[in-house]
Amino acid sequence: MGDLPALVSVVEQVCRQAGADDDALFSLRLAVEEVFTNILDYGYPGGTGPVTVHIDAQPGQVRISFADAAPRFDPATVVAPKLDVPLEQRELGGFGWHFVRQVVDRVEWEPREQGGNLFTLVKSLPTASSSQQGAGINED
Amino acid sequence: MKIEISHRDRVAVVCVVGSVDGTTAPALTAELHACVTSGNVHLVADFSGVDYTSSIGLRTLLATMKETRLQGGDLRLSNVTPNVLKVLELSGFTSIMKLYDDVESAVGSYAV
């Protein structure tokens with residue numbers, strides 16, 4: 001979890017260079033944190049393990065992928081939280097993937113051949129310039 | 001993240017500055033819990049300086065709301081910024097939390 005600020009900083013820098021506005025940067029930061037923390041909190045007992053992040057920011061679109069070595073997990077199986085229930089019936093968790101689906105255009109998932117998961121977030125950007133960069137985050 | 005607590009009559013005002021994310025939320029959770037366990041169950045969180053929160057921040061708010069309301073109190077928010085409001089709306093929290101434009105209104109709401 002200690003790598004989160006560095007990861008967010010790289011994502012914001014690369015996406016800003018690709019023309020992402022403040023709204024898009026907020027959405028991407030939220031989506032990246034939710035995926036990253038979900039992997040660490042639920043994928044790895046003890047909360048640490050390898051996560052490799054790749055950012056591909058092109059004019060008009062950014063793709064951010066997360067490769068882990070955690071047990072296979074398809075985020076499409078996550079049930080959307082109930083948003084209209086009173087406080088007493090609210091559960092403390094369950095919003096992570098809900099937020100991700102709300103703030104990016106597409107969420108892709110595929111199991112990796114060697115084990116683990118590859119999550120990819122795709123979001124359209126209203127812009128012109130381009131940038132591409134890979135970033136490896138190893139959370140050990 | 002900076003957290004400062006002041007008291008106005010029976011209301012504790014928790015002024016938060018910074019981002020509420022996976023690295024900072026535990027400190028905020030601990031401060032709010034300490035407030036409640038020391039007898040302050042009427043809380044106002046001044047979020048004018050909070051530019052970002054993720055789902056873990058909501059977890060903090062929800063846990064504190066439940067804890068305070070069980071004891072006859074509440075956690076109310078003031079000065080919520082657009083990004084934080086967006087997260088509250090995405091989660092349906094705007095229907096269960098009381099939001100105010102400024103600290104004075106939030107503090108005053110407990111007198112009603």
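Here a trainee asks a mentor how the descriptions of this predicted model are justified.

Trainee: What makes chain A as compact as a globular protein of its length?

Mentor: Start with the make-up: chain A has three helices and five strands, and along the sequence they follow the pattern α-α-β-β-α-β-β-β. The radius of gyration is 15 Å, and the globule rule gives 14 Å for 140 residues; those values are close, so chain A counts as being as compact as a globular protein of that length. If you want its extent, the C-alpha trace spans about 45 × 40 × 25 Å along the principal axes.

Trainee: How much of chain A is buried?

Mentor: Buried residues make up 33% of the 140. To get that label, a residue needs 20 or more other C-beta atoms within 10 Å of its own.

Trainee: Which residues have the most contacts inside the largest nonpolar core?

Mentor: They are Val11(A), Cys15(A), Ala31(A), Val32(A), Val35(A) and Phe36(A), in a core of 66 residues. Helix H2 of chain A, residues 22-43, supplies the largest share of this core, with 10 residues. Take Val32(A): leaving out residues up to four places away in sequence, Val32(A) touches Leu7(A), Val8(A), Val11(A) and Ile64(A).

Trainee: How do you know which contacts in chain A join residues far along the sequence, and what share is it?

Mentor: Look at contacts between residues at least 6 apart in sequence: 70% of them join residues at least 24 apart.

Trainee: What makes S2(A) and S4(A) a pair?

Mentor: The cut-off is at least two bridges. Strand S2(A), residues 61-68, and strand S4(A), residues 117-124, have seven, in the antiparallel sense, so they qualify as a pair under that cut-off. In this pairing, Phe66(A) stands opposite Phe119(A) of S4(A).

Trainee: What about S3(A) and S4(A), how do they run and what lies between them?

Mentor: They run antiparallel, with six bridges joining S3(A), residues 106-111, to S4(A). One pair there is Glu110(A) with Leu118(A) as its bridge partner in S4(A). Five residues lie between the two strands, which form a hairpin, and Gly115(A) in the turn has a positive phi of about 100°.

Trainee: Over to chain B. Why are S1(B) and S5(B) called edge strands?

Mentor: Follow the order of the open sheet in chain B, S1-S2-S3-S4-S5, where the pairing is mixed. S1(B), residues 2-8, and S5(B), residues 99-100, each pair on one side only, and that makes them the edge strands. The partner of S1(B) is S2(B), residues 11-20, joined antiparallel by seven bridges, with Glu4(B) opposite Cys15(B).

Trainee: Why is Asp9(B) called exposed, and what about Asn79(B)?

Mentor: Count the neighbours. Exposed means 12 or fewer C-beta atoms within 10 Å, and Asp9(B) has 9, so it counts as exposed. Asn79(B) has 20 others within 10 Å, so it is buried. Asp9(B) sits in the loop between S1 and S2 of chain B, while Asn79(B) sits in the loop between strand S4 (74-78) and H3 of chain B.

Trainee: What is notable about the phi of these two residues?

Mentor: Most residues other than glycine have a negative phi. Asp9(B) has a positive one, near 55°, and phi of Asn79(B) is likewise positive, near 55°.

Trainee: How do you know that the buried residues of H3(B) line one face?

Mentor: The buried ones are Asn83(B), Val84(B), Val87(B) and Leu88(B). Seen down the helix axis, they fall within an arc of 140°, so they line one face of H3(B). They pack against H2 of chain A, together with strand S3 (42-53) and H2 of chain B. Just after H3(B) comes Gly92(B), with a positive phi of about 75°.

Trainee: How many residues of each chain are in contact with the other?

Mentor: It's 20 residues of chain B with 20 residues of chain A. On the chain B side, helix H2 (55-69) and helix H3 (82-90) are the elements giving two or more residues. H2(B) gives the most, with nine. By type, that side has eight nonpolar, eight polar and four charged residues.

Key:
Residues numbered from 1 in each chain as written. Chains lettered and ligands numbered in written order. Predicted model: local features only at pLDDT ≥ 70, side-chain atom pairs only at ≥ 80, totals over all residues. Helix = DSSP H or I, 4+ residues; strand = E, 2+ residues; numbered from the N terminus. Contact = placed C-beta atoms within 7 Å. Nonpolar A, V, L, I, M, F, W, Y, C, P; charged D, E, K, R; others polar. Rg over C-alpha atoms; globule rule 2.2 N^0.38 Å. Core = buried A, V, L, I, M, F, W, Y, C linked by C-beta atoms within 7 Å. Arc of directions from axis to C-beta.
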